[in-house]
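Ready for some practice in reading a protein structure? Take a look at the sequence and the model, then work through the exercises below.

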Amino acid sequence: MPPVAALLAAFCAMPAAARTDSRSEKQIEAQLLEHIRVLASDDYGGREPGTDGEAKTLRYIGRQLFEMGLVSGTNQPANPWYAPVKLVAREPAGSVARFSRRGRVVPFDQDQALLLTSGRRALVQGAPLYFVGRGNIVPPRAELAGRVALLLDDQGGLGAKEAPYGPDASLRQNALLAGGAAAVVTVLDGQRTLAGVAERRRRQGYALASEALGGDMEGFLSPEGLEQALAGVPDNLASLRREADRPDFAPHLLDVSASFEATTRETSIRTHNLIGRIPGRKPGSGAVLLLAHWDHFGQCASPPAEHLICNGAVDNASGVAALLEVSRRLMKVPGGMERDVIVLFTTGEEIGLLGAEAFAENPPLPLKNIVAAFNIDSVAIAPAGTPVGIVGRGMTVLDTGIATVAREQKRKLSMSDEPNRYIRRQDGWALMSHDLPAVMVTSAYGDLARLEKYFDTDYHRPQDVVKPGLELGGAAEDVAFHVALVQYFADTKRFPATVVAGTR
């Protein structure tokens, strides 16, 4: 083969991302900006699920993918491209707490308690109160089952070793519920007040629609409410706090039973994930999943503010734009890829990773067939040349392959685990909870100081708009890097499916 032809053949065989230069990166930046300008425009109304902004967003994304040559990935002939997701918006409607001792009802002021449920209605009847102190040790299921865990809110200055859940009361509550408690009631003996909790929880919460009637029960008691509930028994708030501080503290029953009822009002929202597919050369060899959430908050400010819309330019019009441009370049890879590539644009990320959860619960292919998943979120943060950070580093089997691609692409890879602090705040967490190897690989998490400045300023605010200085240098490099990542993980020889199978 003549030398020039050999060089040309070698160039064509290189991964697309390896051939990027400053001109191609500037071209990617321009393409990203064009998408972001559209998706983050006022005309799209902040891309709130269930609104006209959703319809415009999905039409835009769907048209782009169709014109690139992708095919529908829903695997549902009745719903090509758009996979329906039914959400329910819930807000507290009713709360009733009753306490009794040895069969006799204890007088109780309902204004001193708040009961909440994640379902339409939850009911607990005659369950013993079981004092768990500050909740840093979850008792055995045999002790918690059928009982109401009574939890102190204040951690009493305990350090991380003594208080593994830290100040996050929701983590303690969830651990006790998962451990078998019929309900968890938190005594607000710290800085939080019943009025503050009620105001915060009065806002609507969202969940995937379910036919189930019941849900988890959680409650809150003021200090005065606890004293009322414990009337006639030796225990009181002061004595319980002293007990909880003892090194030899052990959870124990109180001589009081509780009956609770909590109800919610529900409003249904019909929204959609959008799923495309790039068919691979080897059907049945698995798939690589790429995802980005398209949703945001819609209108998030009130008059007299001049700008009322949360446009979400960085979060996550930039991630959608990046995924579109990754898809465009993957369609141009010579010879295609061995494995399928699934391209997923999720709804409901901002209200609880719900679109990703819906995908995992009703996937268009068996989850075990997905060998790797890469989430793309809020990438318009860092300039070109910023190291790549990994959200999920050390938590999947993907690290070695990512490091290999980084070396091949001459990208500096951050070895810090600090990005893992954000693991629960992005769609990859919902997938990991279903045993999918999912990570976020991006320059946005390669410089946490810059990212956290964004969190402290424009994040989830009307200021997150397209404006001078919008940084797309790192995002353009991330596009090229993701093309290379997909090529690596879609190669059955470089990344055998047995690597993933052995971890499930």
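Two residues are in contact when heavy atoms of theirs lie within 4.5 Å. Keep in mind that this is a predicted model.

**Exercise 1. Find where phenylalanine 220 sits and which residues it touches, leaving aside its neighbours within four places in sequence.**

Step 1: Locate the residue. Phenylalanine 220 belongs to strand E9, which covers residues 217-221.

Step 2: Decide whether the residue is buried or exposed. Buried means under 20% relative accessible area. Phenylalanine 220 has 2%, so this residue is buried.

Step 3: List the partners. With those sequence neighbours set aside, the contacts of phenylalanine 220 include Gln112, Ala113, Leu114 and Leu116. Val185, Thr186, Leu188 and Arg192 are also among them.

Step 4: Try a residue from another part of the chain. Glutamine 426 is 206 residues from phenylalanine 220 in sequence, and their C-alpha atoms are 28 Å apart in space.

**Exercise 2. Describe the disulfide of this structure and say which parts it ties together.**

Step 1: Search the whole structure. One disulfide turns up.

Step 2: Name the partners. Cysteine 300 is joined to cysteine 310, with 2.1 Å from S to S.

Step 3: Check the handedness. The angle about the S-S bond is 85°, and the link of cysteine 300 and cysteine 310 is right-handed.

Step 4: Place both ends. Cysteine 300 is in the loop between strand E12 (298-299) and strand E13 (309-310), while cysteine 310 is in strand E13, so the pair ties together parts ten residues apart in sequence.

Step 5: Look at the exposure of each end. Cysteine 300 is partly exposed, at 34% relative accessible area, whereas cysteine 310 is buried, at 0%.

**Exercise 3. Work out how compact the protein is for its length.**

Step 1: Take stock of the elements. The protein has 15 helices and 17 strands.

Step 2: Compare the radius of gyration with the globule rule. The radius is 26 Å and the rule gives 23 Å for 504 residues; these are close, so the protein is as compact as a globular protein of that length.

Step 3: Add the dimensions. The C-alpha trace spans about 95 × 50 × 45 Å along its principal axes.

Step 4: Turn to burial and contacts. Of the 504 residues, 52% count as buried. Among contacts with a separation of 6 or more, 82% are between residues 24 or more positions apart.

Step 5: Finish with the surface. The accessible surface is about 22400 Å², and carbon and sulfur atoms account for 52% of that area.

Note on methods: Residues numbered from 1 in each chain as written. Predicted model: local features only at pLDDT ≥ 70, side-chain atom pairs only at ≥ 80, totals over all residues. Heavy atoms only, no water. Helix = DSSP H or I, 4+ residues; strand = E, 2+ residues; numbered from the N terminus. Rg over C-alpha atoms; globule rule 2.2 N^0.38 Å. Buried < 20%, exposed > 50% of the residue type's maximum accessible area, 1.4 Å probe, protein only. Areas by Shrake-Rupley, 256 points an atom, 1.4 Å probe, with all protein chains shown as cover. Disulfide = S-S within 2.5 Å.
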